Amino acid sequence: MVIKPKVRGFVCVTAHPAGCAAHVQQQIDYVKAKGPVANGPKKVLVIGSSTGYGLASRISAAFGSGAATIGVFFERPSEPDKTATPGWYNTSAFTTAARAAGLYAKNFNGDAFSDALKTEVLATIKRDLGQVDLIVYSLASPRRTHPKTGITHKSTLKPVGQSYSNQTVDTDKGIVSTITIEPANEAEIADTAAVMGGEDWEMWINALDEAGLIAPGATSVAYSYIGPSLTWPIYKNGTIGLAKNDLERAAKAINATLKVNGYGRAFISVNKALVTQASSAIPVVPLYISMLYKVMKAKGRHEGCIEQIDRLFRTQMYGGHGLTFDDAGRVRIDDWEMEPDVQAAVAALWPQVNTENLAALTDIAGYREEFLKLFGFGLPGINYDADIDPHVLLD
Ligand code: NAD
């Protein structure tokens, strides 16, 4: 079938297998062009490995350090007449490339929050790898069924304490408008922390640790976001930010566990705001990202997921470097985003933007390009008018 993008609000309901493969290949090429990462990870578990920051982490580990990787993700497989979600195609392309390079790559498509999937993954680590020396926790999920209570918690993206009004953009239609979001109630705050907080990361580490599957000196990292004060009511101080505080709490607890287990370490890396399936769902943030891209591209400092994670691996986690922490003990790979001149430029643009000048004042074109790329559209060298089989197998 001929596969074209079908954008519905902040999702695209189709994905292009060859385009997703080309997108993955671009990221592999980026890492390979930089050369090997000295003392990089060798046996890696990535939880949330099929798109965004998790996929970039898996690619960095495999193609920067020759690591064996196990990826855990939740994607809709393809059918003979229906496209998969992009993470399915990404993972297929990654797996083909990794195995062609002689690297071990094993995939688990299922619910990372469940005990059943954890048990399966643990058995595979034990059988195939013995132990893992890097565990990346990069889940972004709208819901979690708690494995002990059976309760399904849904996350919300709301302010806490008071309502929040600001500008937002419909990235598909290009309309800038003011949005007012009512504050979350206590249950919504708790539910969001149950989904996006640190409990599940701790459950993974405890299960791995109890089974003796964590190598001495292992690292575990989870990703967070802070951003500028203009987005704080909806992000840092909102329901998601409170969940991220719980992720930071978990990082400290896991760090203590890994330390006991042979001087390992766990930490939070605060990453840059980027177009991913997760971030496109957050009100206000896509407008901020469109401005940020404009400012950072002009400064020659723009990065995507692969550039961010490659820099994290090469300059912080491995390659003979130590981790550099901020006052709260977090690694800041969002440092270029948060540079005062970048933030001053965005803050100056913010009050000026409207529907009419959106294209001139922001990089909405770049935002849309990146968004479509997430689904495998707009990649060079792909004939999007050609017939292509949407059904791609993955093992
Ligand atoms: P993403 O949507 O691209 O990736 C989410 C991943 O989680 C996918 O692999 C998906 O399959 C997997 N997943 C979701 N639910 C699952 C489940 N139940 N079981 C197994 N896998 C599941 O998201 P992303 O933007 O790369 O976010 C990853 C992390 O990075 C999040 O913690 C996010 O807060 C953080 N982060 C994102 C940004 C940003 O701007 N995008 C910035 C800083 C930090």
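This section describes three helix pairs and the surroundings of the ligand in a predicted model.

Helix 1, which spans residues 17-33, takes part in two of the packing arrangements described here. Against helix 3 (residues 86-100), helix 1 packs at an angle of about 55°, and the two axes are 8 Å apart. An angle between 35 and 65 degrees is neither roughly parallel nor roughly perpendicular, and helix 1 and helix 3 are therefore oblique to each other. The crossing of this pair is right-handed. On the side of helix 1, the contact is formed by Pro 17, Cys 20, Ala 21, Val 24 and Ile 28. These residues meet Pro 86, Tyr 89, Asn 90, Ala 93, Phe 94 and Ala 97 of helix 3. Sorted by class, the residues of this contact comprise ten nonpolar and one polar, with no charged residues.

The second partner of helix 1 is helix 2, which covers residues 52-65. Here the axes come within 9 Å and cross at roughly 45°, so helix 1 and helix 2 are likewise oblique to each other. This crossing, too, is right-handed. Helix 1 contributes Val 24, Gln 27, Ile 28, Val 31 and Lys 32, whereas helix 2 contributes Leu 55, Ala 56, Ile 59, Ser 60, Phe 63 and Gly 64. The contact between helix 1 and helix 2 contains seven nonpolar, three polar and one charged residues. Val 24 and Ile 28 of helix 1 appear in the contact with helix 3 as well as in the contact with helix 2.

A further pair consists of helix 5 (residues 186-196) and helix 7 (residues 239-260), which pack at an angle of about 50° with their axes 8 Å apart. Helix 5 and helix 7 are therefore oblique to each other, and their crossing is right-handed. In helix 5, the residues in contact are Glu 188, Ile 189, Thr 192, Ala 193 and Met 196. Their counterparts in helix 7 are Thr 239, Ile 240, Leu 242, Ala 243, Lys 244, Asp 246 and Leu 247. By class, this contact divides into seven nonpolar, two polar and three charged residues.

Lys 244 of helix 7, a member of the contact with helix 5, is also found beside the ligand. In total, 30 residues surround the ligand, and the closest are Ser 50, Thr 51, Ala 112, Lys 244 and Thr 276. An N or O atom in the side chain of Lys 244 lies 2.7 Å from an oxygen atom of the ligand. Tyr 53 approaches through its backbone, with a polar backbone atom 2.8 Å from a ligand oxygen atom. In the case of Asp 111, an N or O atom of the side chain is 3.0 Å from a nitrogen atom of the ligand.

Conventions: Residues numbered from 1 in each chain as written. Predicted model: local features only at pLDDT ≥ 70, side-chain atom pairs only at ≥ 80, totals over all residues. Heavy atoms only, no water. Axes fitted to C-alpha atoms, helices over the stretch in contact; angles between N-to-C directions. Helix = DSSP H or I, 4+ residues; strand = E, 2+ residues; numbered from the N terminus. Parallel < 35°, antiparallel > 145°, perpendicular 65-115°, else oblique. Left-handed = near helix turned anticlockwise from the far one by under 90°. Contact = heavy atoms within 4.5 Å. Nonpolar A, V, L, I, M, F, W, Y, C, P; charged D, E, K, R; others polar. Near = heavy atom within 4 Å. Polar contact = N/O pair within 3.5 Å; in protein donor to acceptor, adjacent residues only side chain to side chain.
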